[in-house]
Amino acid sequence: MGSKYQEKESDMFGFYRVAAAVPKVRVANVVFNIDQIADIWRISEEQNAAIVSFPELCITSYSCGDLFYQQQLHNATAEGIQKLLDISSTCQSVAIVGAPIWHRNRLYNCAIVIQNGAILGVVPKSFVPEHKEYYEKRWFSSGMDIRGETLRFLDYDVPFGVDLLFKSPKGLCFGVEICEDLWSVVPPSSWQALAGATLLFNLSASDEIVGKSDYREALVRQQSARCVAGYVYASCGMGESTTDVVFGGDVMIAENGAILERGERFLDESQVIFADIDTERLQTMRISETSFTDGKIEPFREITLSSLPAIRQLNRHIDPYPFVPSKKSERTKRCREIFSIQAAGLQKRVEHIGSKVCVLGISGGLDSTLALLATYRAFESMRRDVKDIVCVTMPGFGTTGRTLQNAKRLCEGLGVTLREIDITDICLEHFEKIGHDPSRHDIVFENVQARERTEILMNLANKLGGIVVGTGDMSESALGWSTYNGDHMSMYAINIGIPKTLIQYIVEWAVEIYPVISDVLLDILATPVSPELLPHSDDEISQKTEEIVGPYELHDFFLYHMIKSGAAPQKILFLAKTAFKNRYDEGTLKKWLRLFLKRFFSQQFKRSCMPDGPKVGTIALSPRGDWRMPSDAEVQIWIEALEEA
């Protein structure tokens, strides 16, 4: 166990730094071009990049035209590649460069993979364009059918073909395609990914015409998402000939549909961009979230790399709020969509059962507020009288005037039916029946209140011919922060797919949607999260959830990375230290991560019988859908791993 942990440490938990480069080139000036490539390669090595990719035919320049018929150009190409081999004899990083290569009296547009002074393999272009401004077939043959062959080049026998994958000793695997390959119906990189490549490189020469840049980015995004891979794209720059077209030097690095880094086009100088790709996460997502493993695996030759440079410090933004879009426009769109999903889910349930009313417990807190708003939206959609939404506020021993008044103001503002049922006498009678001293503010004291409230809601729903709409959220479900057979139960758990950190933004968004209740919504947003089960002092909340179980922003972060990418505790801690730098020290992060793990495992039994509720994001904990975990699974190896971190 110790040795495996050390191995993961050395490669930064599956993160590898990659680079996409656009060297300044001169048309057919191989000597100049090699010097530019070598300079960028050195910079990439200094930045601990594992692999740096250059544009298509960058050694000669792409726009040589009929100069590709000239033997002198090919002699210079061979000399230039030899110079790169000499320069790279001590380089751990891999370079992928583009060059014209002869094989069996045919000329191929190729990607050459170099490391430690050796050519590891040569990949020919499969799809050679012959349309509009492109006429590559004038010079180049397609390598689409070349498999299992060996190229004799510079007195070396080199693997040659489209069946090459490159693999490091620690399992990093990458494939290479060239420009038009990406634009084809089934890009070669799709087969490379299915065979195990988590990194895909494209050496390109894509000219600039109006609107093409956006389409090109969409292709890169889509292919990285479709392959669940990192995709590194580097295209020729302004040093190319401008006789008929202009090349802008577009470079971008994507991961599973998201652009991590993108360079600037139309620069009259060399540029290189870097990004750290999480290959561990990609591998997990391939089996947990897609039909990736159903794809056909074609045979590939695996070329072994030498050890790659290790990242010393992660150069990547780790979002502390992975469930919440950072841009307001995207957040607004997300909130609107979630709200619609909630309302649609409840509408179907109400119409299917034939419920006359929906009953909700309203506390004046965030969760019950969102549940009420989504129910209200469902009734609007069904064109039902909102008076059939019956809200019950049930003050108890810990209820403060602020939350009670907010609950009332909220219901009155929306025009729904409001009932107030004080539960203190009922609970005191219950304590007497079971022989519990009400001065003992223990779990019995708290849970009796939660169960009495749920019993009232359930019985009232039966009386009125309706259903109870649950208010608990996904964060509470992950922690088991609910009373079994209390607030844990409902006929439809409308918030169950939404994490706590996102709920506050949906309620904040609702301020603009329902201005008549904007003042009360803003005060609810400013109220500390609390179950209000313990007696208060001077009408101030005495029981603050985040002081007991820890900050929800941390627990949502832990939940996301544990479920989304199957990250080990050491990696979750590492990511948290990066995301919450200068906000929480390592000891604090470790403390709350330990609590999260223990509660997540021990409280699975509550999730195993949780009510129906809508999935709204890529993570859900329903035992009937996303998360099927034994209720008696043990947390020991996760805790041990965390303690070793």
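**Close-up 1. Residue contacts between helix 14 and helix 15.** In this predicted model, Gln504, Val507, Glu508, Ala510 and Val511 of helix 14 meet Ser518, Leu521, Leu522 and Leu525 of helix 15. The residues that make up this contact divide into 6 nonpolar, 2 polar and 1 charged.

**Close-up 2. Crossing of helix 14 and helix 15.** Helix 14 spans residues 500-513 and helix 15 spans residues 518-525, and their axes come within 9 Å of each other and cross at roughly 160 degrees. Because angles over 145 degrees count as roughly antiparallel, helix 14 and helix 15 are therefore roughly antiparallel to each other. The crossing of these two helices, helix 14 and helix 15, is left-handed.

**Close-up 3. The open sheet and its edges.** The sheet is open and has 5 strands, which follow the order 18-17-16-19-20 with parallel pairing. Strand 18 (417-420) and strand 20 (492-493) are the edge strands, each of them pairing on one side only. Strand 19, covering residues 467-470, runs parallel to strand 20 and is joined to strand 20 by 2 bridges, and Gly470 stands opposite Ala493 of strand 20.

**Close-up 4. Helices packed on the sheet.** Helix 9, formed by residues 366-382, packs on the sheet and touches strand 16 (358-361), strand 17 (389-393) and strand 19, while the direction of helix 9 makes about 165 degrees with that of strand 16. Helix 10, formed by residues 401-414, also packs on the sheet, where it touches strand 17 and strand 18, and the direction of helix 10 makes about 155 degrees with that of strand 18.

Methods. Residues are numbered from 1 along each chain as its sequence is written. This is a predicted model: local features need pLDDT of at least 70, side-chain atom pairs count only at pLDDT 80 or more; totals for chains, interfaces and linings use all residues. Side-chain values use heavy atoms; hydrogens and water are left out. Axes are lines fitted to C-alpha atoms, for helices over the stretch in contact, and angles run from 0 to 180 degrees between N-to-C directions. Helices (H or I, at least four residues) and strands (E, at least two) are DSSP runs, numbered from the N terminus. Angles under 35 degrees count as roughly parallel, over 145 as roughly antiparallel, 65 to 115 as roughly perpendicular and the rest as oblique. A crossing is left-handed if the near helix is turned anticlockwise from the far one by less than a right angle, and right-handed if clockwise. Contact means heavy atoms within 4.5 Å. Ala, Val, Leu, Ile, Met, Phe, Trp, Tyr, Cys and Pro count as nonpolar, Asp, Glu, Lys and Arg as charged, and the others, Gly among them, as polar. Two strands pair if DSSP finds at least two bridges between them.
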